[in-house]
Amino acid sequence: MEKPLNAYNTDPYTIETFVKFDTLATDKTMICFGFAVNSLSWAVRTGSSVASEIRFLSSNNSLAFNVDFTTTSSALDATNWHHVAVDHDAVGKIRVFANGVMRGSDTPVDSTTFASTQDLFIGSGGTGSGGVSTGAVAP
């Protein structure tokens, strides 16, 4: 992130990373911010039902996720590098991209994002939340 988010941020932002999985499994974290109890902010993970899908979660209050969005098309595999990006625009629309192709979008009722004071985690879900991805991640 280039700038810190204000608490309960509504500004536009983009989260992006490059990933290459050794094995593709469900609910594995690629990158997350403040993924601890009482410090939840956001996470980009593999799908919870279909591993090749992309899941984005964000919290507006640090306690629970108010946005839990999963793409409906497969985008990932375990043999190639993938560029994964999540875009949040000024009106709250969230778009998820894989390799430059939009794989899904959503406009939740409330897409504000809590500005956690916790660390940015790459390839893991923070303090025990979410599985560790095996492979390589390049933020």
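**Exercise 1. The open sheet**

Task: In this predicted model, what is the order of the strands in the open sheet of five strands, and which strands stand at the edges?

Solution.
Step 1. The order of the open sheet is β8-β7-β6-β1-β11, and the pairing is antiparallel.
Step 2. β8 and β11 (135-138) each have a single partner strand, so they stand at the edges and one side of each is left without a neighbour in the sheet.
Step 3. From one strand to the next, the twist averages 20 degrees.
Step 4. At one edge, β1 and β11 are joined over four bridges in the antiparallel sense. Here F21 is opposite G135 in β11.

**Exercise 2. The β7-β8 hairpin**

Task: Find how many bridges join strand β7 and strand β8, and state which residue in the turn has a positive phi.

Solution.
Step 1. β7 covers residues 94-98 and β8 covers residues 101-106; five bridges pair them in the antiparallel sense.
Step 2. Within this pairing, F97 stands opposite M102 in β8.
Step 3. Two residues lie between the strands of the hairpin, and N99 is in the turn.
Step 4. The phi of N99 is near 55 degrees, a positive value in a residue other than glycine. For comparison, most residues other than glycine have a negative phi.
Step 5. With a relative accessible area of 40%, N99 is partly exposed.

**Exercise 3. A75 and its surroundings**

Task: Decide whether A75 is buried or exposed, and list which residues it contacts beyond its neighbours within four places in sequence.

Solution.
Step 1. A75 is placed in the loop between β5 (67-70) and β6 (82-88).
Step 2. The relative accessibility of A75 is 10%, and the limit for a buried residue is under 20%, so A75 counts as buried.
Step 3. Its contacts, with neighbours within four places left aside, are S52, I54, H82, A98, N99 and R103.
Step 4. One of these contacts, N99, is found in the loop between β7 and β8.
Step 5. A75 and M102 are 27 residues apart along the chain, and their C-alpha atoms are separated by 9.8 Å.

**Exercise 4. R45 and D27**

Task: Where does R45 lie, and which backbone oxygen is 3.2 Å from a polar atom of its side chain?

Solution.
Step 1. R45 belongs to strand β3 (residues 42-46).
Step 2. Its relative accessible area is 7%, so R45 is buried.
Step 3. The backbone oxygen in question is that of D27, at 3.2 Å from a polar atom of the R45 side chain.
Step 4. D27 sits in the loop between β1 (13-21) and β2 (28-33). At 24% relative accessibility, D27 counts as partly exposed.
Step 5. D27 is a residue other than glycine with a positive phi, near 55 degrees.

**Exercise 5. The nonpolar core and an aromatic pair**

Task: Which residues of the largest nonpolar core touch the most other members, and which strand gives the most residues to this core?

Solution.
Step 1. The core has 20 residues, of which I15, M30, V44, I54 and F56 touch the most other members.
Step 2. At least two residues of this core come from each of β1, β2, β3, β4 (54-58), β5, β6 and β7.
Step 3. β1 gives the most, with four residues.

Task: How many aromatic pairs are counted, and why is the pair of F33 and W42 called tilted?

Solution.
Step 1. The count comes to one aromatic pair.
Step 2. The ring centres of F33 and W42 are 6.1 Å apart and their planes stand at 35 degrees, so the pair is tilted.
Step 3. Both F33 and W42 are buried.

Methods. Residues numbered from 1 in each chain as written. Predicted model: local features only at pLDDT ≥ 70, side-chain atom pairs only at ≥ 80, totals over all residues. Heavy atoms only, no water. Pairing = 2+ DSSP bridges. Buried < 20%, exposed > 50% of the residue type's maximum accessible area, 1.4 Å probe, protein only. Polar contact = N/O pair within 3.5 Å; in protein donor to acceptor, adjacent residues only side chain to side chain. Phe/Tyr/Trp six-rings, centres within 6.5 Å; stacked < 30°, edge-to-face > 60°. Contact = heavy atoms within 4.5 Å. Core = buried A, V, L, I, M, F, W, Y, C linked by side-chain atoms within 4.5 Å. Axes fitted to C-alpha atoms, helices over the stretch in contact; angles between N-to-C directions.
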